[in-house]
Amino acid sequence: MEKGKERINSVAEKENMGCKRENNNISLGNESEENGVVSSSAETKKGEHVQNAGDKKEDGNKVECEGRGSRTRESSIKAKEKLKEQMEIDQSEDEDSSRKGKRRRGQKKKNDELITEGGEVKEKINQKEEEKTNRRKQSGNESREDGEGVGKRENKRRSNPIGAKTVNSENVPKRVMSKDTDGFLESNMCHQCQRNDKGKVVRCIECKTKRYCVPCMTTWYPKMSEEDFATRCPVCRNNCNCKACLRMELLVKGLSEITEKSDPVIHKDKEVPYSKYIIKVLLSFVEQINTEQVTELELEAKIKGLSVSDIKIKNAACDKNERIYCDNCRTSIADYHRSCSLCSYDFCISCCRELRDGHLQGGEKGKPIKFMDYGFDYLHGGGKVESKDLKSGKIKSEDNDVEFSLSDWKLQENGVIPCPPKGKGGCGKGVLELKSLLQDKSLQELLIEARQICDEDNAECVSEISGGRCTCSKISFQDISSRNSCKAASREDPFDNSLYCPTAVDLTHEDQKHFQWHWSKGEPVIVRDVLEMTLGLSWEPMVMYRAFRQIKNLQHDQLLDVTAINCLDWCEVDINIHHFFKGYSEGRFDSKGWPEILKLKDWPPSTLFGQKFPRHNAEFLSCLPFKEYSHPDNGYLNLAVKLPEGSLKPDMGPKTYIAYGFNEELVRGDSVTKLHCDMSDAVNVLTHVQAVGVEPDKQDAIRKLKEKHVVQDKKEISKVVQMADCEKKVINAPQNGLKFHDGDAESGALWDIFRKQDVPKLEEYIKQHFNEFRHIYGNLLPEVIHPIHDQTIYLTVEHKRRLKEEYGIEPWTFVQRLGDAVFIPAGCPHQVRNLKSCIKVAVDFVSPENVDSCFKLTEEFRVLPHNHRAKEDKLEVKKMIIHALRNAVNKVKGGEDAQNDVQTVNKTSLTNGAKKRGPKKRS
């Protein structure tokens, strides 16, 4: 009998220990074996409304004994057996709940007195079963948003493709939560950290359901006071940065407000005028494409001895989610091309023309550029220690390419183009036949309809300002800035020195016309304070780290290590993301005391930004000015969204640029984006800046190392000696008197953007001075393939001075401040240097005004060697404008939805995914 009692007490002890909290002091009540103590299972007790979760301690419950010596042996045994059976059931259920990953918080257990008489025990057991069933039902209905009470179980939600999933409250049983006399929930659990043991909490008066503890308020919301939390909590403001809210696990009301802020408002009465404007601008470019195709069609008719009208062009086999590109120049094919029926070798009509003329371009593999690793000391002025060479990661080499001579590929006597030999990627057996990608409706028919609209409706064009000049562009030499303008250059023409800089909160429809005027001239535009248009979500690095970090489970990967680029030697390094962000805020220095400047590489991948940062993605879209152009999904004047529904589209972002910064120009190891030229337009928003202090001893170390760098440069670069002796003063210096200092808390990055008309002189300067610039491993550049597209040059203050002195050109130079959105036109070379640690978010778009620059850049990329970093035609601008023109024509004609029409007309339309046709095609 004593052993039986011990087993019963052991079961009761396990039951109580399973529900025991850290601060509880539960007594199991084993007073003595003779007393016949029976432990009861605990009942859940609802906590009373308290302001301070740490003011009250939970006391343990004692189990009292009933019926000492007066109860019969038989009734006592029956009661204990029934209780034991119930305890085993309860313990099994608790173990099942634990295996499912659920936990209980804030739960108190209390052991009640049990009377061992048969009838009373049976009544207690029935009551316990009923309570247990009720608790299981309540736990199943709890969630993060409404389950802050006793016995809460965290219920995870999944997000839908756009980053959020709404909850239909009508189908989900609501848990009834206890409220006090003021209507507040009786719970002290913080919404941010989901804990109730951190002391004082502040309750929201507006929703009366959310609470925040003081540590979370000071850590994650430093700009909000306790009164702000009490008046309207972050959940009510839709800028809460807890994990659930960052993953868009929000109520319907919050989601609707965020969606309204992020989506552009395009009135129906604007769609037709916008479509007419698109037709007006794109018509000449599509006519150019058509002219090239007609020329090739006439040659095909001549080869076959038929009239043009009798030529029947075969349709190319190109399915959905595929794209086809030229095997010689790697350029995307929009419609007409030639293809081998035996090996699927594809040849664009531009390459056909060059082959007939005897100067085929774009097919060579290029010479790899090698960089030598001379050791760490060499980076700081030391001697060379030769170890190993590294072929540039930026300009890759392909050693397995077979040498090919153009003399091995000749036209047949009748003008037929044979398939090239295997050394060129073909089979050398078949012939290249003319094929078309567009079906059912030819390009000529589309042009006829577009011309009719232009002739009949007098399509609208960009609004002109009287005199062909904008008044905001002229600022006197003494004025640095005005209300909507900022001085950014010191050229002789006063109308060409200022940039249009409106403030986001003041933008109107007239400002869009103003923007179009400057944009059509190829000028950058800066929009101030765009973050004022958002709901105020934090862009602090640790908030983004928490949003991105995932615990490894079935749904998410553990993505804690990232790849960064060291700006001193331009080599990749692997670093823990938490350590990277710590250096972002506190700074990092190498063993010699030189600032270690890191920049994240492709983190997160631009295709995953909306998935990994759904709430930040919505916040970014809501801050975009001139959404008709810049919105990546619904911008009506963004030609990139005109591709057929269901097709793979080019990667336009958004994408993040996170890097350390340093106020002083170091010359070596600066946090820079080197000089380059984007194929598409872009808008770049500075969402966060962080100044990092430098101690006096580190400043002395930096100064001494810079002196060693200068000595090394004088030894290795002959022109540096001449530069040091020459007069460095020049009138109207490129810096325009701009000063960058740590006192300006919101200054973030220094931009240099060159005019399109200055590109030839800029390229000429770089060709003359390329061997004065350092790149990988600190090596001086041995050569350049393309002065700008190589992305190996950053023009320092000294080089910008010499550029103006020698060639008379200078960039627009300005400082991007926190909340500034910089619009960069396609075709404008630009470079950026971070003055502080910065988080920038950018998105690409294609505007009708800059299609000509896209065309020009496509041609420049086409003739680059195969192994060049900028070789691939990722934008496919020709395909894009054909679909955009067709979309606009359908809209003006008042037919069915433009996107659906494009799909119907273009059954096997061209898309931007890579077509898989054997090993030479890439997906």
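This is a guided tour of a predicted model, with a selection to make at each stop.

**Stop 1: the antiparallel sheet**

Select strand 18 (672-676), strand 23 (830-834), strand 20 (747-753) and strand 21 (812-817). These 4 strands form an open sheet in the order 18-23-20-21, and the pairing is antiparallel. Strand 18 and strand 21 are the edge strands, each pairing on one side only. On average, neighbouring strands of this sheet are turned by 15° against each other, direction ignored.

Now keep strand 18 and strand 23 in view. The two pair in the antiparallel sense over 3 bridges. To find one bridge, pick H676; its bridge partner in strand 23 is H830.

**Stop 2: a salt bridge at the edge strand**

Stay on strand 21 and select R817, which lies in that strand. What forms a salt bridge with R817? The partner is E746, with the closest N and O atoms 3.3 Å apart. E746 sits in the loop between helix 20 (718-725) and strand 20, and the pair links distant parts of the chain, 71 residues apart. Are the two residues buried or exposed? E746 is partly exposed, with a relative accessible area of 34%. R817 also counts as partly exposed, at 30% relative accessibility.

**Stop 3: a salt bridge within helix 22**

Next select helix 22, residues 797-807. Show the side chains of R802 and E806, which form a salt bridge with the closest N and O atoms 4.0 Å apart. The two residues are 4 apart in this helix, so about one helical turn separates them. Colour the pair by accessibility: E806 is partly exposed, with a relative accessible area of 40%, whereas R802 is buried, at 6%.

A further selection shows salt bridges that share partners: E296, E300, K304, R338 and R356 are joined into one network.

**Stop 4: the mixed sheet**

Select strand 5 (314-315), strand 10 (432-436), strand 6 (337-340) and strand 7 (346-348). Here 4 strands form an open sheet in the order 5-10-6-7, with mixed pairing. Strand 5 and strand 7 stand at the edges; each has a single partner strand, so one side of each is left without a neighbour in the sheet.

In which sense do strand 5 and strand 10 pair? The pairing is parallel, over 2 bridges. N315 stands opposite S436 in strand 10.

Add helix 10, residues 349-357, to the selection. Helix 10 packs on the sheet, where it touches strand 6 and strand 7. The direction of helix 10 makes about 80° with that of strand 7.

**Stop 5: a salt bridge between two loops**

Select E206 and R232. They form a salt bridge, and the closest N and O atoms are 3.3 Å apart. E206 lies in the loop between strand 3 (201-203) and strand 4 (211-213), and R232 in the loop between helix 5 (226-231) and helix 6 (234-237), so the pair ties together parts that are 26 residues apart in sequence. E206 counts as partly exposed at 44% relative accessibility, and R232 counts as partly exposed at 31%.

For the model as a whole, the count of salt bridges comes to 36.

**Stop 6: a buried leucine in strand 16**

Select L600 in strand 16, residues 598-600. L600 is buried, with a relative accessible area of 10%. Which residues surround this side of the selection, leaving aside neighbours within four places in sequence? L600 is in contact with V562, T563, A564, I577, F580 and I658. Then add Y657: L600 and Y657 are 57 residues apart in sequence and 7.0 Å apart in space, C-alpha to C-alpha.

**Stop 7: a helix pair**

Finish with helix 23 (residues 851-862) and helix 24 (residues 877-893). Two packed helices are described by the angle between their axes and the distance between the axes. In this pair the angle is about 150° and the axes are 10 Å apart. An angle over 145 degrees counts as roughly antiparallel, and helix 23 and helix 24 are therefore roughly antiparallel to each other.

Show the side chains where the two helices meet. From helix 23 select V851, C854, F855 and T858; they meet V877, K878 and I881 in helix 24. The residues of this contact divide into 5 nonpolar, 1 polar and 1 charged.

How values were computed: Residues are numbered from 1 along each chain as its sequence is written. This is a predicted model: local features need pLDDT of at least 70, side-chain atom pairs count only at pLDDT 80 or more; totals for chains, interfaces and linings use all residues. Side-chain values use heavy atoms; hydrogens and water are left out. Two strands pair if DSSP finds at least two bridges between them. Axes are lines fitted to C-alpha atoms, for helices over the stretch in contact, and angles run from 0 to 180 degrees between N-to-C directions. Angles under 35 degrees count as roughly parallel, over 145 as roughly antiparallel, 65 to 115 as roughly perpendicular and the rest as oblique. Contact means heavy atoms within 4.5 Å. Ala, Val, Leu, Ile, Met, Phe, Trp, Tyr, Cys and Pro count as nonpolar, Asp, Glu, Lys and Arg as charged, and the others, Gly among them, as polar. Buried means under 20% relative accessible area, exposed over 50%, partly exposed in between (1.4 Å probe, protein chains only).
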